[in-house]
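Here is a friendly walk through one protein model, going from a single side chain out to the helices and an enclosed space. Have the viewer open as you read.

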Amino acid sequence: MDATNHTASAQRGRWAVAAMFFINGFIIGSWSAQIPAYMMRLDISEATFGLLILSFGLGAVSSMPCAGLIMARAGSRPVVLPLAFLAVFGLPLVTLAPGVFASTAALFLLGAVLGGMDVAMNANAVTVERRLKRPIMSSTHGFWSLGGFVGSGIGGFLIQTQGYAVHALLVAAVTGIVVAVAAPHIVGGDRPASAEGGGRSALPVLPTIYMVGLIGMICVVPEVTLRNWAALFMEQDLGADIGVAGLAFALYSGAMAVMRFFGDGIRQRFGAVLTLRASCVLTAAGMLAASLSPWTLPALAAFAVAGIGAANMIPIAFSAAGNHEGMAPSTGMSVATTMASTGVLIAPSVVGLVAEHTGIGPVFAGVAALLLCATAFASVVHRADFRHA
């Protein structure tokens, strides 16, 4: 009976952590749909927005090591739950901020909440994997993409018909309900990193974990670039209205979500290294095709192709980090997520500064080239190949 209860608890925890991934993606997707109206309301340029969004990345990078330290002492559950409840108020805080300075502070807080939540929910997913004795990381990330798809897909329509303020409040209501239902079932009992060997504050000395983190940093660039700039590219370069423009990231996230639900099986069959390399090439092809497209529909299709390719890149990198030998899962996950967030921190600002002079399309082509570079050292993610004796 104890074993049955343990498995049932882990199954509930699997769906609960999936719900946390969903609301994290839902908030970010909803924010993506808000960006054109947000820039118009504040009357700011691409370069100014790129610098302003830097505060979001700074918030995320600042909170991730703090989340790792807390998890080393208390586990992931005490980090996931408070941040999830705070995330409910994130989008209204940003959307209703009255000016550039207030918006900068609001974006910093939103980045801090979602960034810390990102580390904790990934670590919690590793805990659930081990309890269920099977991989769930790709499909769990699929719920993040599903949230992004739903948030950006309906966001443009709601903003166009109801206004940005009503949209933000509706997002808060939905996320609040989901968090309240899922929170009691988040699993606890993570083994602290200090109990598994090594000091609490010591940085890992194995260089391969930093290579895994670099893979994560590169692979997050397409996602954060399209999140912040795809709608604007569609609107400014291809002449799409705000409702159609919001479909760019929606189709990317939707295609990614569908593919992620098959990702664990694909990784098991073909191996993590081959899957990652093929994913990078396919994502690069989609980004390049979108940058060269003169029409709306082919560009939307290209974004969907990029989403199919990108589906398994981050889950593979994070699973490799969480299962890296010689260190606790929370330690490897903290390194990988913090390095990946460097991409979140740098990419939007670089895109904004470059796009001010070249346009957004050429930047998408540059991201494609970066992904092809990542295939050269993809062999470090072989630790993501799930093995259970």
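Thr275 touches Ile266, Arg267, Phe270, Asn312 and Ile316, not counting residues up to four places away in sequence; contact here means heavy atoms within 4.5 Å. This threonine lies in helix H12 (residues 272-292). Helices are DSSP runs of H or I with at least four residues, numbered from the N terminus. The side chain of Thr275 also reaches the backbone oxygen of Gly271 at 2.7 Å. Thr275 counts as buried because its relative accessible area is 6%, where buried means under 20%, exposed over 50% and partly exposed in between, using a 1.4 Å probe and protein chains only.

A word on the source: this is a predicted model, in which local features need pLDDT of at least 70 and side-chain atom pairs count only at pLDDT 80 or more, while totals for chains, interfaces and linings use all residues. Residues are numbered from 1 along each chain as its sequence is written, and side-chain values use heavy atoms, with hydrogens and water left out.

Leu83 is another buried residue, at a relative accessible area of 16%, and is found in helix H3 (residues 77-87). Leaving aside neighbours within four places in sequence, Leu83 is in contact with Val113, Gly116 and Met117. Asp43, by contrast, counts as exposed because its relative accessibility is 69%. Asp43 lies in the loop between helix H1 (2-42) and helix H2 (46-74), and its phi is near 55 degrees, a positive value in a residue other than glycine. Just after H2, Gly75 takes a positive phi of about 90 degrees.

Both Leu83 and Asp43 have a partner further along the chain, as the table shows.

| C-alpha pair | Separation along the chain | C-alpha distance |
|---|---|---|
| Leu83 and Gly116 | 33 residues | 7.2 Å |
| Asp43 and Val100 | 57 residues | 9.5 Å |

Now for the helix lengths. The expected span of a helix is 1.5 Å times one less than its number of residues. Helix H13 (residues 296-310) has 15 residues and reaches 21 Å from its first C-alpha to its last, close to the 21 Å expected. For the 29 residues of H2, the end C-alpha atoms are 42 Å apart, which agrees with the expected 42 Å. The buried residues of H13 include Leu300, Phe303 and Gly307. Those buried residues pack against H8, helix H9 (242-245), helix H10 (247-260), H12, H14 and helix H16 (360-374).

What does a search of the whole structure find in the way of cavities of 30 Å³ or more? There is one, with a volume of about 290 Å³. A cavity is a set of points on a 1 Å grid over the protein atoms alone where a 1.4 Å probe fits but cannot get out, and lining residues have an atom within 4 Å of a point. Grid points are joined across faces, edges and corners, and the volume is the space filled by probe spheres set on the points. The cavity is lined by 23 residues, of which Asp118, Trp144, Val220, Glu223 and Arg227 lie nearest its centre. Helix H5 (100-132) is among the elements giving two or more residues to this lining, and its six residues make up the largest share.

Notes:
On a 1 Å grid over the protein atoms alone, a cavity is a set of points where a 1.4 Å probe fits but cannot get out, and a pocket is an open set with protein on both sides within 12 Å along at least five of seven lines; lining residues have an atom within 4 Å of a point. A polar contact is a pair of N or O atoms within 3.5 Å; within protein, one must be able to donate a hydrogen and the other to accept it, and residues adjacent in sequence count only if both atoms are side-chain atoms.
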